[in-house]
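Got the model open in your viewer? Keep the selection box handy and follow along, stop by stop.

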Amino acid sequence: MGLLAAVLAACSTAAAPVSNPAVPARGEAVKKLDAGRVESLPTGSVYVRFVRFAQAPGYVIYSKQHVPSLVYVETGVHRLILAGQPPIDLAAGEAKFHQSLTHQHLNPGSDQSVWYSIAVWPSSARGQPLVDPIARAAFESDDIDRAVLPQMPYSEVLRQVTLARLGTTGAHRFGGLSAFYVLRGSLRIESAHRPPVTLAVGQGAAFLPDVDLRETNAGADPAVFLEFLTTPVGKDFELPLGRPPAA
């Protein structure tokens, strides 16, 4: 069993079937990219951050230890070198979870590489300089009170979702913290007790655990977005719902 399958099996339980679901998924394709386990989240309030890098060929970024993270490659190729481990080469559309280790990021290709570092950070890190001059904070969530995130082990999962024209995920609920970031097209997110939000390319949104959600393609072209999900180990990963979120 691969790492992703093992993590998902460890942190998820089978969702109870929903009778006569009113809002099933339509035109949705989900690609599981990678996952990992963290024994605890940072202390104090936290936030989700997507950091974008547009890295020239041969450019190297030297990084010290930081919070466990997922590297996702949007275009080009990427080489991740973790201390004491063989290099890991990633192509466009691939991702890799890594723990807190000293590491390097290298573009070994002949074209620019665009990639992201995605993680849950302590709020105390806000305002600190990013790791390299080419780094840009593409999305940062609001601060999240740790009262909704108990001190325990978590799984961190990254998925890529494609919605066809008029496509929808259907109504559902994640058991943990969820964050969305749009790569192509536009995305409308309905959630319980909040007005819907529409995201364009390069925009993101985050939601607390156990919030009713439905994501819909808001444009004429396919919508492609990332889902970053931080779920307490042993809690349901995702539950389908039989009704749309109540505004």
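Which side chain meets Glu238 in a salt bridge? Select Arg159: its side chain and that of Glu238 come to 3.3 Å, N to O. Salt bridge here means a side-chain nitrogen of Lys or Arg within 4 Å of a carboxyl oxygen of Asp or Glu. Glu238 lies in strand β18 (residues 238–240) and Arg159 in strand β11, so the pair ties together parts that are 79 residues apart in sequence. Arg159 is buried at 8% relative accessible area, while Glu238 is partly exposed at 24%. Buried stands for under 20% relative accessible area, exposed for over 50%, and partly exposed for what falls in between (1.4 Å probe, protein chains only).

Before moving on, some ground rules. This is a predicted model, in which local features need pLDDT of at least 70 and side-chain atom pairs count only at pLDDT 80 or more, while totals for chains, interfaces and linings use all residues. Residues are numbered from 1 along each chain as its sequence is written, and side-chain values use heavy atoms, with hydrogens and water left out. Strands (E, at least two residues) and helices (H or I, at least four) are DSSP runs, numbered from the N terminus.

**More charged pairs**

The whole structure holds nine salt bridges. Pick Arg173 and Asp212 next: their closest N and O atoms are 2.8 Å apart. Arg173 is in β11 and Asp212 in β16, so this pair links parts 39 residues apart in sequence. Asp212 is buried at 13%, and Arg173 is partly exposed at 25%.

Now try Asp143 with Arg126, again a salt bridge, with 2.8 Å between the closest N and O atoms. Add Glu140 to the selection: salt bridges that share partners join Arg126, Glu140 and Asp143 into one network.

**Ser123**

Keep Asp143 showing and select Ser123, in the loop between β9 (113–122) and β10 (135–140). Is Ser123 buried or exposed? At 13% relative accessibility, Ser123 counts as buried. Leaving aside neighbours within four places in sequence, Ser123 is in contact (heavy atoms within 4.5 Å) with Ser45, Val46, Tyr47 and Asp143. Put a distance label on Val46: its backbone nitrogen lies 3.4 Å from a polar atom of the Ser123 side chain.

**Inside**

Select Phe50, Tyr72, Leu158 and Phe228. Of the 28 residues in the largest nonpolar core, these four touch the most other members. Such a core is a set of buried Ala, Val, Leu, Ile, Met, Phe, Trp, Tyr and Cys residues joined through side-chain atoms within 4.5 Å. Apart from it lies another core, of 18 residues, including Val161, Phe174, Ile189 and Leu213.

**An open sheet**

Colour four strands in the order β3-β8-β5-β6: they form an open sheet with antiparallel pairing. Pairing takes at least two DSSP bridges between two strands. The edges are β3 (60–63) and β6 (88–91), each pairing on one side only. β5 (residues 77–82) and β6 share four bridges, and His78 stands opposite Leu90 in β6.

**Two backbone oddities**

Most residues other than glycine have a negative phi. Check Leu166, in strand β11 (residues 154–174): its phi is near 70°. Leu166 is exposed, at 52% relative accessibility. Last stop, Asp210, in the loop between β15 (204–207) and β16 (212–217): its phi is positive too, about 60°.

Key:
Polar contact = N/O pair within 3.5 Å; in protein donor to acceptor, adjacent residues only side chain to side chain.
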